[in-house]
Amino acid sequence: MQRPNPRRGSTTTSTATALLAGGLLLGLLWVGARATGPIPPLGRLLDPVHGAWALAARANLPATESHTIPGLSAAVDVRFDDRSVPHIFAPTVADAYRALGWVHARDRLFQMELQARAVAGTLAELAGPRTKALDREARAIGLAWGAEKTFAALNPQSPAARAINAYAEGVNAYIAQMSPGDLPLEYRLLGATPQPWKPVYTAYLQARMGLTLAYSDGELRREQVQALIGKAATAALFPVDAPLQEPIQPNGQHTTRADWQRIPAPQPASAEKLAQALELDGAIAKFAGLPRDAGEIAVGSNNWAVAPSRTAAGHALLSGDPHLALSLPSIWYEAHLVVPDTLDSYGVTLLGSPLIPIGFNRNVAWTATNTGADVADYYVETVDNATHPTSYTLDGAWKPLLVRIETVRGPHGEPLATDTIYHTHRGPMVHSGARWISRRWTILDASVVTALSAFGQANQAASVSDLMRGIATYEGPAQNFLAADRGGHIGIRSTAKYPIRPATAARGDALADGSSSANDWQGWWPVSDFPQSFDPAQGYIASANQQPKDPKVDGRYFGWDWPAPWRAMRINALLRADSAVTPDAMRRYQTDPRSEQTNIFADAFLASAAGSPANPSFEQGIRQLQKWDRTFTKDNEQAVLFEAALDELTRRAWDELSVTGAPSEDRPRRVATPNSMILAELLQDPKNPWWDNRSTPTVVEDRDMILRASLAAAYDRTVKTLGNPGPAWRWDRNRFANIYHLLRLPALSRLRIPMQGGPGTLSPSAGDGTHGASWRMVVELGPEVRAWGTYPGGQSGNPMSARYADRLPQWASGALDTLRFPHTAAELRGATLRSTLTFTPGAR
Amino acid sequence: MRPMRFALLTVAMAAGTMAAGWWTVAAIAAGWSLLTRGERAHHISVATSAALSWALLLGVMSLRGPLARVSEVLGGIIPVGTLGIFAVTLLFPALLAGSASVVTSALFRRLPADLPR
C-alpha cells in the first residue's frame with residue numbers, strides 16, 4: 001500500500017488556502033467598489049476617512065468658515081442661529097440667492113437632486129431600474145416637458161431669470177468645492193455622485209408642487225362612478241357644491257350652513273359601459289401613477305388671520321399650517337434673507353428655489369393653503385390610428401400630433417424603457433382601452449416666472465394690499481394666499497389661473513369631446529372674480545381647503561368634491577368664541593384635539609341605540625362612546641373605537657361603489673369613496689336605499705341597523721386587535737406620525753411618533769400617518785414682528801447630524817420655537833450664534 | 001512580527017487609507033508580504049494591523065464628530081446594529097489585508113528571498 005506524501009498534502013492545502021484567499025480578495029474588492037443588489041459599495045461606505053464615517057465630521061456646524069462663490073458682487077455674511085437657521089446678510093438680492101443656493105446644497109444636496117430627477121424622469125439613472133416605473137410616469141405626465149417649455153420662454157434679463165441663475169451659481173459653487181468626505185450618505189449608498197445643478201430645475205420644482213397640489217383626475221374616476229351608480233347618484237355623492245357651507249370668503253352667515261339633499265338611489269349602467277369605464281384605470285395610472293381609491297385622506301392645510309379688534313394685544317395675528325406628505329429631510333428649509341433697504345424676509349424655502357413662499361418680513365406675514373380648484377380637463381380625442389396615431393381631428397380637420405420619444409436610462413446610460421408620448425394642442429394623451437384621452441392642465445403652462453415674481457414681490461411687500469398686488473400674477477398651483485400686516489389689515493385670495501370653460505361644453509367634471517375646439521378653454525378668470533376677502537367685518541379669516549365661495553354668492557363652476565369642511569368649521573368656531581386671541585392660543589388651535597365630525601357621527605351612533613335589539617358588542621361600544629369626551633388626545637381610550645366605527649360605517653354605506661376588477665384582485669374594491677360630509681348627509685335620511693346592504697338580499701337595512709352593525713363590528717375588531725378596553729386603546733398607542741426618509745430607509749426614518757389629533761381635527765393624525773403639518777407658524781404683527789414656528793425634521797439633511805431631526809419632539813408636542821429675526825448680523829452672538837460663514841467673490 | 005514592524009505597517013495602512021482610500025490596505029498588505037517573502041508568514045498580524053489602522057482612524061474621526069450617531073445610522077442601514085457596524089468596519093480591512101497577504105505569499109513563494117527588495 002502506497003503511503004501518503006505529507007509534502008504533497010501540504011502543497012495541496014496551501015494551494016487551496018491561496019485559492020480561497022484569492023476568491024475572498026476578489027470578492028472583497030468587488031463588494032468594496034461596486035454595489036451588490038441593495039448593498040452599497042462597502043469599501044467606499046466603510047472607509048473611515050472618505051466613507052460614511054467621515055460624515056461625523058460634517059454633523060456639526062463649524063464655529064467659523066469661509067468659502068468663495070463665483071459671481072458674488074461683494075462679501076456675504078451668513079450667521080447660523082442656535083436653531084441652525086441661516087441669516088444671510090448680502091449686498092444684493094442676487095448675492096443673497098447665491099448664498100442661499102450654497103447653504104441649501106450644503107445641507108440638502110441629495111434631496112434637491114432627487115426632487116429634480118423625480119420630475120425629469122431620471123431617477124433610474126441615480127437609483128437603478130427599480131425606479132423605472134416612476135420615471136415613465138413622470139415623463140408621461142409631461143411635467144419636465146412643460147417646465148422646460150416655460151423656462152425656455154424666460155427673458156434672461158428678467159428678475160426671475162437672474163434669481164434662478166444666481167441661485168444655481170450658489171448650488172454649483174458648493175458642488176465644485178465638495179471634498180469626498182462631504183458626499184451625502186445617500187449618494188454613498190447608491191454609489192453615485194452629484195450632478196451639476198441646472199437653472200431649469202427651479203422650474204421643475206414649481207411643476208412638482210403643481211403635481212402635489214393641483215393634480216386631479218376626477219373626470220376619469222367620475223366616469224367610472226357614473227357607470228356604476230348612474231349620473232344622479234354620482235352628482236349627489238361627488239357634488240360640485242359642498243352640502244356643508246363654511247366658505248373661505250365669508251358669506252355673512254356666521255355659522256355653518258347645511259344644504260342637505262336626498263341622495264338618489266344607485267342606477268347601474270350596462271355591463272358594457274361599466275367595463276369601458278373601468279378601462280380608465282389604465283389612464284388614471286398612466287397620467288399620474290396614482291393609487292386607486294384610498295378613501296378620504298386625513299390631510300389638509302389650515303391658515304387663519306385675526307384682525308387687531310379680536311386679539312388681546314391689538315395686533316394682527318396670522319397662523320400658517322400647511323400640511324403635506326411628511327419626509328426626512330423635510331420639504332422645508334428655514335432661512336432669513338437680508339439685503340439693505342430691499343429685502344428682509346424670513347420663512348421657509350423650498351429646496352431648489354430661492355424664494356420664501358411662506359414667511360414674513362418687517363411689515364407683512366403670508367402663508368397659503370391649497371385651493372383645490374379644478375384646473376385640469378380631459379378630452380376624448382379622435383385619432384387616425386388606434387395604436388400608432390399621427391394626427392387627431394379638430395373641427396373636421398386632421399391636425400398632426402406632437403410626438404415625444406422618452407427613453408428612461410439606467411445608471412450607466414443603458415436604455416431601460418422607451419415610450420412614445422403623443423400630444424394634442426391640449427397636452428399629452430394616454431391610450432385607455434379603445435379611447436385616446438388628452439389632458440389640458442394649467443400646471444403644464446404655468447410659468448415659473450410668475451411664481452418667482454409673485455413670491456419675490458411678496459417677500460418685499462409693505463402691506464397686505466401690496467402683497468396681493470404682487471401675487472396676483474401667480475399662475476399655479478392654486479393657493480389660498482393669506483396675509484396680515486402691521487397696519488392691522490388681513491386678507492385672503494385664492495390665486496391661480498382658473499380656466500373659463502365654454503357654456504356649451506362639459507362643466508369640467510366630465511370627459512369632453514376633443515374633436516371640437518368649441519370645448520376648449522376660452523380664457524382666464526379675472527382676479528376680481530377670485531374668491532377673496534379683505535378686512536371682513538367678522539374680524540378673522542380662515543381657510544382649510546374648503547369650497548372657497550358659497551355657491552349662493554357665486555354659482556360658477558370652480559371645482560367639485562371639496563374636502564369636508566370639518567377643519568374650517570372648527571377653526572371658525574374657535575375664532576368666533578375668542579375675542580381676545582393671543583399668539584399662544586393660535587399655537588394651541590393648530591393642534592386642537594376636537595373634530596366637528598365627531599359630534600355628528602358619535603351622536604348618530606348613540607341615537608341608534610334607542611329601541612335596538614340587544615347585542616353585547618354594540619352595547620359595549622355604546623358604553624365606550626358614552627364615556628368619550630369627543631377628543632383625540634394622546635391618552636384618550638375611546639377615539640380608536642370611534643375611528644374604527646366610522647371606517648365600518650363608510651364600508652357598509654358605500655358597498656354599492658365596489659366592483660370586482662381584474663382576476664388578480666381577490667376581493668371587491670371601491671371605485672371611489674364619498675367623503676365624510678356626504679356620509680353625514682346620508683345620515684339625515686334614515687330610509688335611503690344606500691343604507692341597504694347588497695349582500696343581504698332578503699333584508700332591507702336602514703340607517704340605524706347599519707349604524708348598530710358598524711359599531712358592533714368596530715367594537716369586535718378593536719377588541720380582537722387590542723384586547724378589552726383599557727390602556728391598549730390609548731390613541732397614542734395606535735395612531736402615529738410616520739416620517740419616512742426620501743429613500744424609505746427605516747434607519748433614516750422616524751416612525752411611530754405619538755400625536756394628538758384624529759380624523760377631521762386641525763392636525764389630522766390618522767391612516768398611515770405619512771401626512772401632517774409640514775410647517776407651523778404664528779406671527780404677531782406688532783411694532784416689532786414676533787414669530788414662532790417649527791417643522792417636523794431639522795435643517796440638516798445629514799442623518800448623522802443632531803440637526804437632522806432635532807425639531808421633531810417640539811413638533812410632535814405642538815410646541816413652537818421662537819424664531820429669531822435680527823436686524824443686523826451683530827445681533828446674533830453668544831448663545832444665539834452657532835456658526836459664522838463668510839462668502840467672498842471667487843473666479844468664475 | 002516584531003512590534004516595531006507591526007506599528008510601521010499599521011501606520012502605513014492608515015496613511016494609505018487617508019491618502020488614497022480603502023483599497024490601499026490590500027495593496028499595502030500585498031507589498032508587505034512581497035517584501036517579507038522568505039520569512040515566516042504573518043498573515044494574521046497583517047490582518048490585525050489593517051483592522052487596527054482603521055480603528056485608529058475611527059478614533060481620530062471620533063474627535064471630529066459624533067461617531068456613536070454614525071454607528072447608529074450605519075448599523076441600521078446595514079442591519080448589524082450599533083456595535084456590529086464597528087465590527088464590520090474593522091473586519092472588512094482585516095479580511096482584505098489578510099487575503100491579499102495570503103495570495104501574495106502564495107504567488108511569490110518561489111521567488112528567491114535575496115532578490116532586491
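Helices (H or I, at least four residues) and strands (E, at least two) are DSSP runs, counted from the N terminus. With that in hand, here are some exercises on this predicted model.

**Exercise 1. Work out where A:Asp535 sits and what its backbone does.**

Step 1: place the residue. A:Asp535 is in the loop of chain A that runs between β26 (532-534) and β27 (540-543).

Step 2: look at phi. A:Asp535 isn't a glycine, yet its phi is positive, about 45°. As background, most residues other than glycine have a negative phi.

Step 3: check the surroundings. A residue needs 20 or more other C-beta atoms within 10 Å to be buried, and 12 or fewer to be exposed. A:Asp535 has 14 C-beta neighbours inside 10 Å, so it counts as partly exposed.

**Exercise 2. Give A:Arg630 the same treatment: what are its phi, place and exposure?**

Step 1: phi of A:Arg630 is near 65°, a positive value in a residue other than glycine.

Step 2: the loop between α20 (616-627) and α21 (639-653) of chain A holds A:Arg630.

Step 3: count neighbours. A:Arg630 has 17 C-beta neighbours inside 10 Å, so it counts as partly exposed.

**Exercise 3. Are the peptide bonds from A:Leu328 to A:Pro329 and from A:Gly476 to A:Pro477 cis or trans?**

Step 1: read omega for the A:Leu328 to A:Pro329 bond. Omega is near -5°, and the bond is cis. A:Pro329 lies in the loop between β9 (327-328) and β10 (332-339) of chain A.

Step 2: now the A:Gly476 to A:Pro477 bond. This one is cis too, with omega near 0°. A:Pro477 belongs to the loop between α16 (464-471) and β21 (479-485) of chain A.

Step 3: for context, most peptide bonds are trans.

**Exercise 4. Test the length of helix α17 of chain A, then find what its buried residues pack against.**

Step 1: get the expected span. The rule is 1.5 Å times one less than the number of residues. For the 12 residues of α17(A), 566-577, that should come to 16 Å.

Step 2: compare. The end C-alpha atoms of α17(A) are 17 Å apart, which agrees.

Step 3: see how covered the helix is. In α17(A), 9 of the 12 residues are buried, among them A:Trp566, A:Met569, A:Ile571 and A:Leu574.

Step 4: find the partners. The buried residues of α17(A) pack against β6 (302-306), β27, α18 (583-590) and α19 (596-607) of chain A.

Step 5: follow one residue outward. Leaving aside neighbours within four places in sequence, A:Thr256 is in contact with A:Met569, as well as A:Leu244, A:Gln245 and A:Glu246. A:Thr256 itself sits in the loop between β4 (244-245) and β5 (257-258) of chain A, and is partly exposed, with 16 other C-beta atoms within 10 Å.

**Exercise 5. Describe chain B, then its contact with chain A.**

Step 1: take the elements. Chain B has 5 helices and 0 strands.

Step 2: get the extent. The C-alpha trace of chain B spans about 50 × 25 × 25 Å along its principal axes. Of the 117 residues in chain B, 47% are buried.

Step 3: count the contact. It takes 30 residues from chain B and 33 residues from chain A. On the side of chain B that touches chain A, α1 (3-20), α3 (43-62), α4 (67-77) and α5 (81-107) of chain B each supply at least two residues. The most come from α5(B), with 10 residues.

Step 4: sort by class. That side of chain B has 22 nonpolar, 6 polar and 2 charged residues.

How values were computed: Residues are numbered from 1 along each chain as its sequence is written. Chains are lettered from A and ligands numbered from 1 in the order in which they are written. This is a predicted model: local features need pLDDT of at least 70, side-chain atom pairs count only at pLDDT 80 or more; totals for chains, interfaces and linings use all residues. Two residues are in contact if their C-beta atoms, placed from the backbone, lie within 7 Å. Ala, Val, Leu, Ile, Met, Phe, Trp, Tyr, Cys and Pro count as nonpolar, Asp, Glu, Lys and Arg as charged, and the others, Gly among them, as polar.
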